[in-house]
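Visitor: I am new to this structure and would like a close look at a single part of it. Could you take one strand and describe what surrounds it?

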Amino acid sequence: MDGGGNENKVEDEDKQALAGLSSVPNPHRAKVQSYSQQLRGERKLHHRQGRKHSLDDIPASGGSRPLSSSDDDFSNYSLDEEEATLDLKPFTPLSEFVAAGSPAAAGSSSPGPGGGGGSGPGAGGKGEAIFKVPMRAAVHPGRPPCLELRPHPLRETQVGKFLRNIACTETQLWAGQESGVRFWRFDRIYDPGCGLGGKVRRGDEDAAPFDESASTSPTFCLMVDAANGLVWSGHKDGKIRSWKTDQYSAPAAAAAAAAGEQEVVDGGGGGQPPQQVDAAAAANAPFKEGLSWQAHKGPVLSMVMSSYGDLWSGSEGGVIKIWPWESIEKSLSLKSEEKRMAALLVERSAIDLRSQVTVNGNCSISSSDVKCLLSDNIRAKLWCAQSLTFSIWDARTKELLRVFNIDGQTENRVDGSGGGEKGQQQQQQQQQESSGHGGEEGGATPQEALPAVPEKPEKPAKEGKGKSGNKKEKGQGFLQRSRNAIMGAADAVRRVATRGTNVFVDDSKKTEAIVMTADGMVWSGCTNGLIIQWDGNGNRVQDFNLLNGTAVQCFCTYGTRIYVGYVSGIIQMLDLEGHLLQMWVAHSNPVLKLAVGKGYVYSLASHGGIRGWNTLSPSPIDQILRSELAGKELTYTRKDQFRVLIGTWNVGQGRPSQEAMMAWLGSTASDVGIVVVGLQEVDMGAGFLAMSAAKETVGLEGSAIGQWWLDNIGKALGEGSVFERMGSRQLAGLLVSLWVRKNMRQHVGDVDAGAVPCGFGRAIGNKFMMVNCVVQGGVGLRIRVRDRIMCFVNCHLAAHLEAVNRRNADFDHIYRNMVFGKPTIPNAAAGMLLTILRFLFCCCSLAFSTYLIWILYYTYGVPFILSVAAGVSSSSHTLKSDKNSGGGGGGGNNNNNGSSEDTKPELSDADMVVFFGDFNYRLFGISYDEARDFVSQRCFDWLRERDQLRAEMKAGRVFQGMHEANITFPPTYKFERNVPGLGGYDSGEKKRIPAWCDRVIFRDTRPGSATPSQCECSLECPVVSAVIQYEAVMEVTESDHKPVRCKFHIQVAHTDRSVRRQEFGEILKTNEKIQSLLEESRVVPETAISTNSIALQNQDTAILRIANKSAADKVVFRIYCEGQANFKDEGDEAEYHARGNHGFPRWLEVTPAAGIIKPDNSMEVSVHHEEFHTLEDLVDGIPQNWWCEDTRDKEVILVVVVQGSSSTEVTTHRVHVRHCLSANTLRADSKSGSRRGQKSDPRQQSGASAATNDSRSSQKP
């Protein structure tokens, strides 16, 4: 509500806007359309004869008068109780009306007080869908039933413990967090959580039991080494750490301690014997890391094991390093006392690939951060994905094979000293890293082995430079310093303003994730939702845009299926051709990572929740689980109830006394758990608004006056002892804050804020042409209470009697564009620029303002300012989560391109939405004297018939689907300040008609016009609210508005996630139909291999044939090396040692090492012996280290893992490959420069018959 002086004149732009709106009928000429209006017309004549203006003696409307009996039916919160639970009894809440969706509203065709008889904002068509109550159910019908391994924790409980990535071993799910790692055992995923009384921290009470490591630097990436029973983690501090997968289970230790037992566990590093561990001590102690070393100076962003067992890691600035397995294996064998020596051994063996491809300061690969590393085990290659480029490397020789961009075009990149200051700094960092950890495989020169020594002269030089700069700056004049400051601020504004305008088009194509499928194709996902398919050589095959505009976050594969996780929380399931098989909304937040383990695809959301999705979905198991879980709803349903107090006040730039604050809030907050306070017109000065707009642009908000209000509200509520402030948001003169009672604090969290401006209102001129810009709009807070979402939006809509349509449009704009949890509004930058320009031009009479304008014009010019404003305006379209597209599955339509205009607003997904504030809706068709007469007689029913908001809601043009309690208090606008009683209504020259400008409108999960008594609180209707108090505090006189408060009694139904997880596991284990379907899914197609024994000599090649004997199902196979043994003599006993992640030895090439075999077909796999000398080891074709060459025979065991296209079980075959050393000296062909010698018969095969399956391992869900 603007001040009194703002209603004298309307700007030309507002007049033009109002001209396009339907005209407002003359109040005195309006037809009488109802019986109540006719009665009121008769009463008017009676009151006009002898009207009295002294209303001071009329008693004020007390909120307790109509509700006193029902209000006593509830017990108040006790400050001494830890858990205050209200005992719900029958009561009579305030009567409510449904503004939209009722038959009366649907059948009403008469024009509202705004004049327009057509459709208003959001009326008709698709617009009505966004105002409907969100669908809720015990089991979500639009997605497969999921395993809640870790339910959504409240954000406030995860500070310093946020999960950022996951990876699966055969028996565990590992997660990297901000303070280390943790893991869950698959044999305990259905166990109940520890609850609030357990030893876990808040946020993990309902999670399945897990084990946690000692505190470390934040974990950025995880990698599983199944061959050695290790999980490798990359950290923010640049270290790589190893963790044994057979760590002792703390929950198991606790159980053992309770039984007074001793458990036998594996002790230290690899190869150490088991030892006795005290169970009680193990239960309380977190497990510790194994081998660790300083890999990079910056964070370790990605890691992967190559097909030869080497560890590759990527960091900032395009740095890629290789850590040879030989040095890692040697370090793992050392004792714990030699930890430092082990780390130094690995650090000295590093191979810096970036330095190898840098010649004369020019580098062949990009200097952007290494986003992903991918091992192509089929072709023994390795992919490095950066933001806009890819590079392919030979995993065996470490040679760079190709560099290409996101469009598949080969790049001849030159990144060097010409790249500017940043490039020089990156090059210096790379040189320091290479000097500290560089060197070739197998060792390093003494100079390279030395740690990086900091250049001591640099720091004094920088300090000296800084001091000299300060002296120079001090010598500058005031105007010069102010000019520099303003130019810097303008640059900052320009950078922020153009951040969302897609000026850098390539940013929308940034690669976020990469994965390899079973057929050897590589898939990458971009920030614009584009999914690109590549062949093994980096040629772009095709692309898909299945969810237009929604960033791809992660991939994973299982059999012949591809799972895609999006920033919107959606997961898609694709086949190898890119056809969409199923899609669902997995989380309410972005899906960070996907991992497959033990029959589930696990998804990690950004809020830290982890869910498991059955790998058989979609299948009949989904429907059985859904119906069985729904039948046990009462088992895991829990109900709670509490009260919420909403307070709204247009303070008119005033600062009330503490007594007024107590009368408004403190006197009625004794029995509530949550208090939400909304203020309007906290400060409306032109300078304040300009500064607020500037702060919004750079991501800041709030003011000293806003802080004053927060402090005084806290005093009235007893902040610190009774209530705790959990969030606030300020946009210019709008301020909203939320307070929670301390004993309810543990159930409330995920507080997000949002703001939406609605433009710049009335601007009036005087002799100085000063502008008083009033920003209308809304500020909101979103919270999670007992796993239910509640949104509170404080609004200030357009003023003036005739601006009904503008108010309707303001609400529609706020509802559709309110985005929570993101840095302010995107179009605030444009608003800030317009505000500053208005302010500067209107203050042109001042010399300093003239100087500021000259600076902006001289530096950038008017075209720049106009272009920035236009560009930012075009960027106001914000990407929202497409929650509406996640229902159901099936369908292979690839053209699922949803327009961003059709995305559902975030408010439409909330379980409860409350709008409150100065809505500025007035009384129409009534004069000032008539309105005061009705107020004096308390004829509020007749006044409500002339309420614009009531009429617009009934017509379905605003606040669609929402409710308002029955108004039993006098109009709250407009009063003379500091005049007590109802006689304070405006009696000046303007005599503004009293009106209910300050309102509270709400919606919960009740369908249609159902009342709390008609709709029982359940998981299908989880939030049921009733208004038990709705009143204005008439005794407060510090503003031209009266404060209003509304108290809700809210019932919430929620799910006990721990109990439901138990029920989920019980159904899977005991349901006969599910067990039968699972048994069918374990069938693996029959396969055979041509031999189980291969002998090779130097440069020999043998063919291993894998046959698929099934006539219906495809076979997915992969080959890995189980271990290598060396034989000095014929009778030596074999002792096999595995390389990293079952990598092949360097002398063995297996191609292809994975693939798909069609029904009744076979695949030929080449098994080749290759000398592992590099070109640098050869002089004239002769190996330079021949005298120390290993002359022992070598034998490896190749394991062929066979799986059906969607089976949950695998079959394995084992093939022994032996290399018999040749007596002839190896010579390379010096003419051709090839490292490959003459091969023996490429079709050498053993005469053994086809080998049969020798082992079987199941992966049951």
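Guide: Strand S29 and strand S30 (residues 580-585) run antiparallel and are joined by five bridges, where strands are DSSP runs of E of at least two residues, numbered from the N terminus, and two strands count as paired if DSSP finds at least two bridges between them. This is a predicted model, in which local features need pLDDT of at least 70 and side-chain atom pairs count only at pLDDT 80 or more, while totals for chains, interfaces and linings use all residues. Residues are numbered from 1 along each chain as its sequence is written, and side-chain values use heavy atoms, with hydrogens and water left out.

Within the pairing of S29 with S30, Met573 has Gln582 as its bridge partner. The two strands form a hairpin with four residues between them, and in that turn Gly578 has a positive phi of about 90 degrees.

S29 also pairs with strand S28 (residues 561-566), again in the antiparallel sense and over five bridges, and here Arg561 stands opposite Asp575 of S29. S28 and S29 form a hairpin too, with three residues between them, and Gly569 in this turn has a positive phi of about 90 degrees.

As for its surroundings, S29 (residues 570-575) is largely enclosed by the rest of the structure, because six of its six residues are buried, a term that means under 20% relative accessible area, calculated with a 1.4 Å probe and protein chains only. Both faces of the strand are covered, with Ile570, Gln572 and Leu574 buried on one side and Ile571, Met573 and Asp575 buried on the other.

Methods:
Buried < 20%, exposed > 50% of the residue type's maximum accessible area, 1.4 Å probe, protein only.
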